[in-house]
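I opened the coordinates today and kept notes as I went. The entries follow the order in which I looked things up.

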Amino acid sequence: MDEEIKRHFAASGGTYGSPRITQDLRAGGWQLPENTVARRMAELGLAGRRPKRPRSLTRQGKRPAAPDMVRRKFDAVAPDVWCGDVTQIDTDEGKLYLATVEGLFSRRLLGYAMSEHHDAALTCLAADGCGHAGW
């Protein structure tokens with residue numbers, strides 16, 4: 001039994017825990033409770049990796065928040081009132097970030113940029129697409 005547990009654990013790249021190893025063993029004809037597999041794995045020093053917790057990109061910082069220039073009124077009555085957003089898109093090749101700038105008066109997309117990094121350079125690139133390169 002120990003050799004089978006080691007084989008399935010190695011085949012998983014060291015990521016499977018006792019529930020998944022038990023499932024694989026049962027598919028192979030073994031009749032074992034999950035607790036037995038967990039105990040044997042602990043004695044063999046095998047431990048599966050826990051899935052990574054997703055971390056939030058928005059955290060409370062030490063600096064004060066930027067002033068709300070629009071005052072949460074998104075019904076602009078004149079041009080030159082813009083807003084922006086950064087969205088995380090999960091792809092097969094990793095995370096992709098899309099930054100956009102929208103004119104609240106015209107409701108048109110004024111600029112956008114994509115990057116593998118969520119940083120100020122990304123938002124500046126999106127704003128540069130609006131024709132204001134001095135940002």
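**Entry 1: Lys6 and Glu3.** I began in helix 1, where Lys6 and Glu3 lie three residues apart, about one turn of the helix. This is a predicted model, and I read every value below with that in mind. The two side chains form a salt bridge, with the closest N and O atoms 3.8 Å apart. A salt bridge here needs a nitrogen within 4 Å of a carboxyl oxygen, so the pair counts. I then looked up exposure. Lys6 is partly exposed at 38% relative accessibility. Glu3 is exposed, at 57%.

**Entry 2: Glu4 and Arg7.** I stayed in helix 1 for another pair. Glu4 and Arg7 meet in a salt bridge at 2.9 Å, N to O. I noted the spacing: they are three residues apart in helix 1, so about one helical turn separates them. Glu4 has 23% relative accessibility and counts as partly exposed. Arg7, at 46%, is also put down as partly exposed.

**Entry 3: the salt bridge count.** How many salt bridges does the structure hold? I find four. One of them joins Asp2 to Arg40, with the closest N and O atoms 2.6 Å apart. This pair links distant parts of the chain: Asp2 is in helix 1 (residues 2–11), Arg40 is in helix 3 (residues 34–44), and 38 residues separate them. Asp2 is partly exposed, at 23% relative accessibility. As a reminder to myself, side chains of opposite charge can pair when their charged atoms come close.

**Entry 4: helix 1 against helix 3.** The Asp2 pair sent me to the packing of these two helices. Their axes are 10 Å apart and cross at an angle of about 80 degrees. That makes helix 1 roughly perpendicular to helix 3. Which residues meet there? From helix 1 I listed Asp2, Ile5, Lys6 and Phe9. From helix 3 I listed Val37, Arg40, Met41 and Leu44.

**Entry 5: the largest core.** I looked for buried nonpolar residues next. The largest nonpolar core has eight residues: Ile5, Phe9, Ile21, Leu25, Leu32, Val37, Met41 and Leu46. Helix 1, helix 2 (18–27) and helix 3 each give two or more residues to this core. A second, separate core has six residues, among them Ala99, Val101, Leu122 and Ala126. In soluble globular proteins, nonpolar side chains tend to be buried together.

**Entry 6: Met41 and Ser18.** I took Met41 from the core and listed its contacts, leaving aside neighbours within four places in sequence. They are Ile5, Phe9, Tyr16, Gly17, Ser18, Ile21 and Leu46. Ser18 caught my eye in that list, and I looked up its place, which is in helix 2. Is Ser18 buried or exposed? Ser18 counts as buried because its relative accessibility is 15%, and the cut-off for buried is under 20%. With the same neighbours left aside, Ser18 is in contact with Glu34, Val37, Ala38 and Met41.

**Entry 7: the sheet.** I moved on to the strands. Three of them form an open sheet in the order 1-2-3, and the pairing is antiparallel. Strand 1 (82–91) and strand 3 (108–115) stand at the edges. Each has a single partner strand, so one side of each is left without a neighbour in the sheet. From one strand to the next, the twist averages 20 degrees. I also went through the pairing of strand 1 with strand 2 (residues 94–103), which is antiparallel and runs over ten bridges. For Ile89, the bridge partner in strand 2 is Leu96.

**Entry 8: helix 4.** Which strands does helix 4 lie across? Helix 4 (residues 120–128) lies across strand 1, strand 2 and strand 3. Its direction is at about 145 degrees to strand 3.

**Entry 9: Arg107.** My last look-up was backbone geometry. Most residues other than glycine have a negative phi. Arg107 is not a glycine, yet its phi is positive, at about 60 degrees. I located Arg107 in the loop between strand 2 and strand 3. Arg107 is exposed, with a relative accessible area of 52%.

How values were computed:
Residues numbered from 1 in each chain as written. Predicted model: local features only at pLDDT ≥ 70, side-chain atom pairs only at ≥ 80, totals over all residues. Heavy atoms only, no water. Helix = DSSP H or I, 4+ residues; strand = E, 2+ residues; numbered from the N terminus. Buried < 20%, exposed > 50% of the residue type's maximum accessible area, 1.4 Å probe, protein only. Pairing = 2+ DSSP bridges. Axes fitted to C-alpha atoms, helices over the stretch in contact; angles between N-to-C directions. Contact = heavy atoms within 4.5 Å. Core = buried A, V, L, I, M, F, W, Y, C linked by side-chain atoms within 4.5 Å. Parallel < 35°, antiparallel > 145°, perpendicular 65-115°, else oblique.
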